[in-house]
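Welcome, and thanks for taking a look at this one with us. Please have the sequence and the 3D view open while you go through the points below.

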Amino acid sequence: MNLDTIVFNDITVGRMLFWVAVVVAIYMVPKMVPKLYKLIFGKKKVNLQHTVYFACSNCGWEGHISKFGTRCPKCDASAAISGETD
Ligand SMILES: [Zn+2]
């Protein structure tokens, strides 16, 4: 299919695809923004659903840390998780 094919009057396929892309972009952006915001800034806040209680055997720090990061936020020692929150 040639992008210069005229669909009706002077509207070409290329121009139509451009406007379809614009409309899709306008429709998608508000949905994407919160996702992007979460992706960029969301990791700073620790979601308690994905954390485990952790007591550092090295420095004695206690608190909730990410399930996936088992390092002490205070002394950076990797230590065993003491127990699950749930
Ligand atoms: Zn520690």
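Which residue in β4 does Tyr53 stand opposite? Tyr53 faces His64 there. Keep in mind as you browse that this is a predicted model, with a mean pLDDT of 79 for the protein and 83% of its residues at 70 or more.

**Overall layout**

- The protein holds 1 helix and 4 strands, and from the N terminus on these elements follow the order β-β-α-β-β.
- Buried residues account for 3% of the 86 residues in the protein.
- Of the contacts between residues at least 6 apart in sequence, 17% link residues at least 24 apart.

**Confidence**

- Helix α1 (residues 13-41) has the highest mean pLDDT among the elements, at 86.
- At the other end comes strand β1 (residues 6-8), whose mean pLDDT of 76 is the lowest among the elements.
- A general word of care: where pLDDT is low, the predicted coordinates should not be read in detail.

**The β3 and β4 hairpin**

- Strand β3 spans residues 51-55 and includes Tyr53.
- Its partner is strand β4 (residues 62-66), and the two pair in the antiparallel sense over 5 bridges.
- Besides the Tyr53 and His64 pairing, you can find Ala55 standing opposite Glu62 in β4.
- The hairpin has 6 residues between the strands, and Gly60 adopts a positive phi near 90 degrees.
- Tyr53 also has a spatial relation to Ile65: they are 12 residues apart in sequence, and their C-alpha atoms are 6.6 Å apart.
- Is Tyr53 buried or exposed? Tyr53 counts as partly exposed because it has 13 C-beta neighbours inside 10 Å, a count that falls between the limits of 12 or fewer for exposed and 20 or more for buried.

**Helix α1**

- The 29 residues of α1 reach 40 Å from the first C-alpha to the last, close to the 42 Å expected at 1.5 Å a residue.
- Where along α1 should you look for a kink? A kink of about 40 degrees lies at Val29, shortly before the proline Pro30.
- Helix α1 is hardly covered, with a count of 0 buried residues among its 29 residues.
- Arg15 has its place in this helix, and Arg15 is partly exposed because its C-beta neighbours inside 10 Å number 14.
- From Arg15, you can also look back along the chain to Leu3: the two are 12 residues apart in sequence, with 7.9 Å between their C-alpha atoms.

**After the last strand**

- Asp76 sits in the segment after β4.
- What is notable about the phi of Asp76? The angle is near 70 degrees, a positive value in a residue other than glycine.
- Asp76 has 10 C-beta neighbours inside 10 Å and therefore counts as exposed, since the exposed class takes in counts of 12 or fewer.

Definitions and conventions. Residues numbered from 1 in each chain as written. Predicted model: local features only at pLDDT ≥ 70, side-chain atom pairs only at ≥ 80, totals over all residues. pLDDT = per-residue confidence, 0-100. Expected span 1.5 Å × (residues − 1). Bend = angle between axes of the 7 residues up to and from the residue. Pairing = 2+ DSSP bridges. Contact = placed C-beta atoms within 7 Å.
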